[in-house]
Amino acid sequence: MKKVMLISMISLFLLVATACSGGSGKKTTATKDDPIVIKFSHVTSIDSVKGKAAERFAELVKEKTEGKAKVEVYPSSQLYGDNDELDALVSGNVHMIAPSVTKMVKLDPRWQYVDMPYLFKDQEHVHKFFNSDVAKTLLNSDKLAANDVMGIAFWENGFKHFTNNKRPLKKPEDFKGIKFRAQAGKVLEAQFKALGAGSATIAFGETYAALQQGTVDGQENTYNNIDTQKYQEVQKYMSLSEHGRLDYAVFVNKTFWDGMPEDIRTKVEEAMKEATELEWKLAGEENEKSLENIKNSGKVEVISLTDDEKAALAKALQPVYDEFGDTITSELIDGIRNLK
Ligand code: LMR
């Protein structure tokens with residue numbers, strides 16, 4: 001009798017333990033000793049805008065959940081790079097990523113709104129978009145949900161600028177024959193083509209080597225990415241063109257997210273809200289500091305563009321709108337333009 005009771009008790013214990021640890025990855029309870037682990041993978045360095053915000057998010061989650069949830073941040077493509085980070089999220093191997101939104105083109109081509117030339121006027125315009133209904137439709141789209149992915153926040157980086165090793169770039173003609181590294185997608189390919197340049201899609205983690213070895217002559221990025229990746233060491237010219245944006249969204253694996261105990265999820269959402277406020281502030285500050293660092297390195301010739309020169313580039317880039325306006329949708333393009 002005693003033996004039967006003991007076996008029943010052990011079985012009950014095992015059942016409860018399995019339910020708590022969740023064989024399917026779902027944890028119904030969490031304690032400080034056995035926390036919910038949120039794996040957050042990204043490709044930039046720990047000292048980049050995104051890297052700093054991700055670290056702060058991890059601290060905030062720890063504080064707010066009193067250690068019952070733990071964010072493990074994997075920066076610098078340590079775990080997954082541009083080629084496999086989204087697949088890892090879809091399959092649940094990581095739970096959170098914050099890619100440059102253009103890299104979401106695989107699931108929804110509208111994310112390439114960010115690449116449309118000279119679409120955003122300034123940082124305030126970008127913030128208005130992040131807070132708009134039209135932006136929310138992107139985060140919660142059926143296309144993402146069909147892949148078990150959901151967007152929970154927009155994070156900012158900044159305006160992109162061209163760097164290269166061939167010559168100072170000011171006018172559309174200057175771009176002829178230069179080969180640039182591109183992040184992803186057909187819109188960026190069309191952008192370079194419209195300027196008479198070539199492009200190759202190269203993962204962020206491999207871009208420094210590609211520039212150094214001359215696989216490509218140039219690239220486009222924000223001051224902060226240029227500086228934290230030390231592209232100034234392998235590039236001769238930087239044109240302050242502000243021709244497009246590089247911004248992020250934070251995406252989660254939906255099954256994992258919905259499976260978190262509600263009280264924990266609420267605290268994690270609060271942490272994300274605070275980290276996002278910080279991230280937006282950091283984006284402006286860190287990009288300014290990075291511009292100074294690049295200038296002070298003395299290694300790159302920094303070329304300013306007048307408004308007329310930017311207008312000439314915008315005109316040369318009009319074919320990108322003609323070709324991709326329908327893909328991005330007028331709802332998004334006009335929605336963004338009318339936000340002023
Ligand atoms: C790039 O590939 O240049 C950027 O998307 C990297 C990043 O995440 O900022």
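A salt bridge, as I will use the term today, is a side-chain nitrogen of Lys or Arg lying within 4 Å of a carboxyl oxygen of Asp or Glu. What we are looking at is a predicted model, in which local features need pLDDT of at least 70 and side-chain atom pairs count only at pLDDT 80 or more, while totals for chains, interfaces and linings use all residues. Residues are numbered from 1 along each chain as its sequence is written, and side-chain values use heavy atoms, with hydrogens and water left out.

By that definition the structure holds 22 salt bridges, and I would like to begin with the one in which the side chains of Glu286 and Lys52 meet, at 3.2 Å from N to O. This pair joins distant parts of the chain, since Glu286 sits in helix H11 (residues 262-297) and Lys52 in helix H2 (residues 49-64), 234 residues apart; helices here are DSSP runs of H or I with at least four residues, strands are E runs of at least two, and both are numbered from the N terminus.

How exposed are the two partners? I call a residue buried under 20% relative accessible area, exposed over 50%, and partly exposed in between, with a 1.4 Å probe and protein chains only. Glu286, at 8% relative accessibility, counts as buried, whereas Lys52, with a relative accessible area of 33%, is partly exposed. The two also belong to a network of salt bridges that links Lys52, Glu286 and Lys289.

Staying with helix H11, Lys281 forms a salt bridge with Glu285, the closest N and O atoms being 3.2 Å apart. Both residues lie in H11, four residues apart, which is about one turn of the helix. In general, an α-helix has 3.6 residues a turn, so residues three or four places apart point the same way. Here Lys281 is exposed, at 53%, and Glu285 is partly exposed, at 36%.

Let me turn, finally, to helix H12 (residues 307-316), whose buried residues are Glu309, Lys310 and Leu313. Seen down the axis of H12, these buried residues fall within an arc of 100°, so they line one face of the helix; the arc is taken from the directions from the helix axis to the C-beta atoms. What do they pack against? The buried residues of H12 pack against strand E9 (237-240) and strand E11 (301-304), where contact means heavy atoms within 4.5 Å. On the other side of H12, Asp307, Asp308 and Lys315 are exposed.
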